[in-house]
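Here are some exercises to work through with the model open in your viewer. Try each one yourself before reading the solution.

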Amino acid sequence: MHRIDMSIRYHERSMIDLAVLGLLKEQDLHGYELRKRLADLPGARSSVVSFGSLYPALNRLERGGLVKGVEANVRTDRPVPSSGSLAGELAAFRARHLPAAGGRSKKVYGITPRGETQLVALLTDPQASDERTFALKVAFCRHLSTAERIAMFERRRAELLARGAERQRDANTNDGVLDRYRRMLRERDDESLSHDLAWLERLIADERGQAPEEAPS
């Protein structure tokens, strides 16, 4: 049981890391905006990432050299009007850009070269391929080469085909003991599996139709 719990925690940590590094690869973000972007990732169901789990993850990634603080302690509580004089302009600049009591500060995070390497490693990890993780990988797969994307899609297709074969074996064995409603649920799952396989076939065909080989962004 302890080993299973450790595996679940590792998987969840990898998901958060993948989402955070993928978003920071695209743009430097402060924590609040990062949390909003996580919730808006299409198909990834990343809204489960709370502030309580996000900031420890950011701290851990920063300690590991995967992300860095690119801006900190910026006054954002209220604007300071210009006085028109040089001394007044300097005072206004200090008020806007230096920490002060009662003013809110924010820390903007950016990805490091080491973080970019880790992002590719997470995207190409063949062991992390459940539905939510795969959706995250697709969300950021533009950072891979065409060949890497095809390999990722083909691995997923092989997994779904194996799942379908297993489901068919179970259906042949248990069909007589299922009631009407369980059979309907199984039909729904079979239709979803067929839809996902057709979608993957389209992705693979589209990638193979791209020439020449494109470099990851």
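**Exercise 1.** Leaving aside its neighbours within four places in sequence, which residues is Gln210 in contact with?

*Solution.* Keep in mind that you're looking at a predicted model.
- Start by placing the residue: Gln210 sits in the segment after α8.
- Next, look for heavy atoms within 4.5 Å. With the sequence neighbours up to four places away set aside, Gln210 has Thr146 and Arg149 as its contacts.
- Now check one of those partners along the backbone. Gln210 and Thr146 are 64 residues apart along the chain, yet their C-alpha atoms are separated by 7.9 Å.
- Last, the surface: the relative accessibility of Gln210 is 29%, so this residue counts as partly exposed, since that class runs between 20% and 50%.

**Exercise 2.** Work out how α6 and α7 are oriented relative to each other, and what the contact is made of.

*Solution.*
- Get the geometry first. Helix α6 covers residues 131-140 and helix α7 covers residues 146-174; they pack at about 155 degrees, with axes 11 Å apart.
- Compare the angle with the cut-off: over 145 degrees counts as roughly antiparallel. α6 and α7 are therefore roughly antiparallel to each other.
- Then the handedness: the crossing of α6 and α7 is left-handed.
- Who makes the contact? On the α6 side it's Glu131, Phe134, Lys137 and Val138, and on the α7 side Met152, Phe153, Arg156 and Arg163.
- Sort those residues by type and you get four nonpolar, four charged and no polar.

**Exercise 3.** Do the same for α7 and α8: find the orientation, the handedness and the make-up of the contact.

*Solution.*
- Helix α8 spans residues 180-208, and its axis comes within 10 Å of the α7 axis, crossing at roughly 155 degrees.
- That angle makes α7 roughly antiparallel to α8.
- The crossing of α7 past α8 is left-handed.
- As for composition, the residues of this contact split into 13 charged, 10 nonpolar and two polar.

**Exercise 4.** Pick out Leu197 and decide: buried or exposed? Then find what it touches.

*Solution.*
- Leu197 belongs to helix α8.
- Its relative accessibility is 19%. Buried means under 20%, so Leu197 counts as buried.
- Beyond four places in sequence, Leu197 touches Arg157, Leu160 and Leu161.
- For a backbone check, take Arg156: the C-alpha atoms of Leu197 and Arg156 are separated by 8.9 Å, with their positions 41 residues apart along the chain.

**Exercise 5.** Compile a neighbourhood for Leu123, then add Ser145 and Asp17 to the picture.

*Solution.*
- Leu123 is in helix α5, which covers residues 113-123. Its relative accessible area is 0%, so it's buried.
- Skipping neighbours within four places in sequence, the contacts of Leu123 are Leu18, Lys137, Phe140, His143, Leu144 and Met152. Two of these names should ring a bell: Lys137 of α6 and Met152 of α7 also take part in the contact between those helices.
- A backbone distance here: the C-alpha atoms of Leu123 and Glu148, 25 residues apart along the chain, are 9.0 Å from each other.
- Move to Ser145, in the loop between α6 and α7. With a relative accessible area of 12%, Ser145 is buried. Its C-alpha atom is separated by 10.0 Å from that of Val120, 25 residues away along the chain.
- Finish with Asp17 in helix α1, residues 2-26. This charged residue has a relative accessible area of 8%, so Asp17 is buried. Outside the four-place window, it touches Arg60, Leu61 and Leu122.

**Exercise 6.** Zoom out and describe the whole chain: how many helices and strands are there, and in what order do the elements run?

*Solution.*
- The count is eight helices and three strands.
- Reading from the N terminus, the order is α-β-α-α-β-α-β-α-α-α-α.
- Of the chain's 217 residues, 31% count as buried.
- Among contacts with a separation of 6 or more, 71% join residues 24 or more positions apart.
- Last comes the surface: about 13,500 Å² is accessible, and 54% of that belongs to carbon and sulfur atoms.

Terms used:
Residues are numbered from 1 along each chain as its sequence is written. This is a predicted model: local features need pLDDT of at least 70, side-chain atom pairs count only at pLDDT 80 or more; totals for chains, interfaces and linings use all residues. Side-chain values use heavy atoms; hydrogens and water are left out. Helices (H or I, at least four residues) and strands (E, at least two) are DSSP runs, numbered from the N terminus. Buried means under 20% relative accessible area, exposed over 50%, partly exposed in between (1.4 Å probe, protein chains only). Axes are lines fitted to C-alpha atoms, for helices over the stretch in contact, and angles run from 0 to 180 degrees between N-to-C directions. Angles under 35 degrees count as roughly parallel, over 145 as roughly antiparallel, 65 to 115 as roughly perpendicular and the rest as oblique. A crossing is left-handed if the near helix is turned anticlockwise from the far one by less than a right angle, and right-handed if clockwise. Accessible areas come from the Shrake-Rupley method with a 1.4 Å probe; for residues, only the protein chains shown count as cover.
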